[in-house]
Amino acid sequence: MNRFIFAVLAGLVLLTPTAAVAADSASIIKSLSSSSWEERDKVIAEIKGPIAADAAVRAATIALLEKENAIREQWNQDEKDGKSPAPLKARFGEGHGEYYLNLVAKVVSFKDTKAIDSLIGALDVGAPEKALSEMGDAAAPAAIADFTKSPNKNRRAAVVRLLGRLADKGLADPTLRARAKKAVFDGADDPAPNVREAAVKNLHRFGRQEALEKLKKIADADSESFMHKAQNKRKYPVREA
């Protein structure tokens, strides 16, 4: 009888951690779908250890980032279309920006290739760049596709920087490298000065001679400038990049 009781108790000890993780995971997944971003922010901090390794929790967190990215993308599209949208802070309240950064950081921490699309959607905040660059060829197709369609000039500039980093690490697929190169060279002609500046700084990663030829054209033609008050002279950020 004692042996039987001991065996039952031992089984419970072995099963309890797994059962607890499953229960916690279910609770977290439910909270991630809360209508309150404050509630979602609280639960993001709880995603760590065994819970962070749970595939369902990861999928739910990545899906949440994709949803938040879609909201930001619509805001950028409205701004591009001249609709003068209200700032997201005014729409969601103080602290929403920090919540978004917490969410991005959590998805970055997964180091999961399933998160590539969602991380590229958040690339303009900076944090995903290193993680994506470490994913190598796997990250390039989505980055190139995003560059061609994103209305967000800051993200296009970030994509150019990412493609430069990927080229430095060595894009193994020659077709993929050629597509990445085209995106960066196209970036040098982007209507947004910050995208052109990012491209100028990364052209050389795809071939010195072609980069020099492109840079010469930019030096002769790019007119973006501003008056530097401290130096009392006009600066040309793209040409001087």
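**Figure 1. Helix 8 and helix 10 run side by side.** The axes of helix 8 (residues 140-149) and helix 10 (residues 174-187) come within 10 Å and cross at roughly 30°. That angle makes helix 8 roughly parallel to helix 10. Axes here are lines fitted to C-alpha atoms, for helices over the stretch in contact, and angles run from 0 to 180 degrees between N-to-C directions. Angles under 35 degrees count as roughly parallel, over 145 as roughly antiparallel, 65 to 115 as roughly perpendicular, and the rest as oblique. Helix 8 passes helix 10 in a left-handed crossing. A crossing is left-handed if the near helix is turned anticlockwise from the far one by less than a right angle, and right-handed if clockwise. Helix 8 brings A140, P141, I144 and F147 to the contact, and helix 10 brings L176, R179, A180, A183, D186 and G187. Contact means heavy atoms within 4.5 Å. By class, this contact has 7 nonpolar, 1 polar and 2 charged residues. Ala, Val, Leu, Ile, Met, Phe, Trp, Tyr, Cys and Pro count as nonpolar; Asp, Glu, Lys and Arg count as charged; the others, Gly among them, count as polar.

The model is predicted: local features need pLDDT of at least 70, and side-chain atom pairs count only at pLDDT 80 or more, while totals for chains, interfaces and linings use all residues. Residues are numbered from 1 along each chain as its sequence is written, and side-chain values use heavy atoms, with hydrogens and water left out.

**Figure 2. The whole protein gives the setting.** The protein has 13 helices and 2 strands. Helices (H or I, at least four residues) and strands (E, at least two) are DSSP runs, numbered from the N terminus. Of the 241 residues, 38% count as buried. Buried means under 20% relative accessible area, exposed over 50%, and partly exposed in between (1.4 Å probe, protein chains only). Take the contacts between residues at least 6 apart in sequence: 59% of them join residues at least 24 apart.

**Figure 3. Helix 2 packs against helix 5.** Helix 2 (residues 37-44) and helix 5 pack at an angle of about 35°, and their axes are 10 Å apart. Their crossing is left-handed. On the helix 2 side, the contact uses W37, R40, D41 and I44; on the helix 5 side, H96, Y99, N102, L103 and K106. These residues divide into 4 nonpolar, 2 polar and 3 charged.

**Figure 4. A105 sits in helix 5, and K111 in the loop after it**. Helix 5 covers residues 96-110 and includes A105. A105 is partly exposed, with a relative accessible area of 42%. A105 and P128 are 23 residues apart in sequence, and their C-alpha atoms are 7.8 Å apart in space. K111 lies in the loop between helix 5 and helix 6 (116-121). K111 has a positive phi of about 50°, although K111 is not a glycine. At 66% relative accessibility, K111 counts as exposed.

**Figure 5. N76 of helix 3 meets residues distant in sequence**. N76 lies in helix 3 (residues 55-80). At 12% relative accessibility, N76 counts as buried. Its C-alpha is 6.2 Å from that of P151, yet the two residues are 75 apart in sequence. Leaving out residues up to four places away in sequence, N76 touches P151 and N152.

**Figure 6. Salt bridges pair opposite charges.** A search of the whole structure finds 15 salt bridges. A salt bridge is a side-chain nitrogen of Lys or Arg within 4 Å of a carboxyl oxygen of Asp or Glu. In one, D78 meets K83 at 3.9 Å, N to O. D78 is buried at 19% relative accessibility. K83 is exposed at 56%. In another, R155 pairs with D146, the closest N and O atoms being 2.9 Å apart. R155 is buried at 4%, and D146 is buried at 8%.

**Figure 7. D189 and K214 link a loop to a helix**. Their side chains meet in a salt bridge of 2.8 Å, N to O. D189 lies in the loop between helix 10 and helix 11 (193-200) and K214 in helix 12 (residues 208-221), so the pair ties together parts that are 25 residues apart in sequence. D189 is exposed at 52% relative accessibility. K214 is buried at 16%. Elsewhere, salt bridges that share partners join E73, D146 and R155 into one network.
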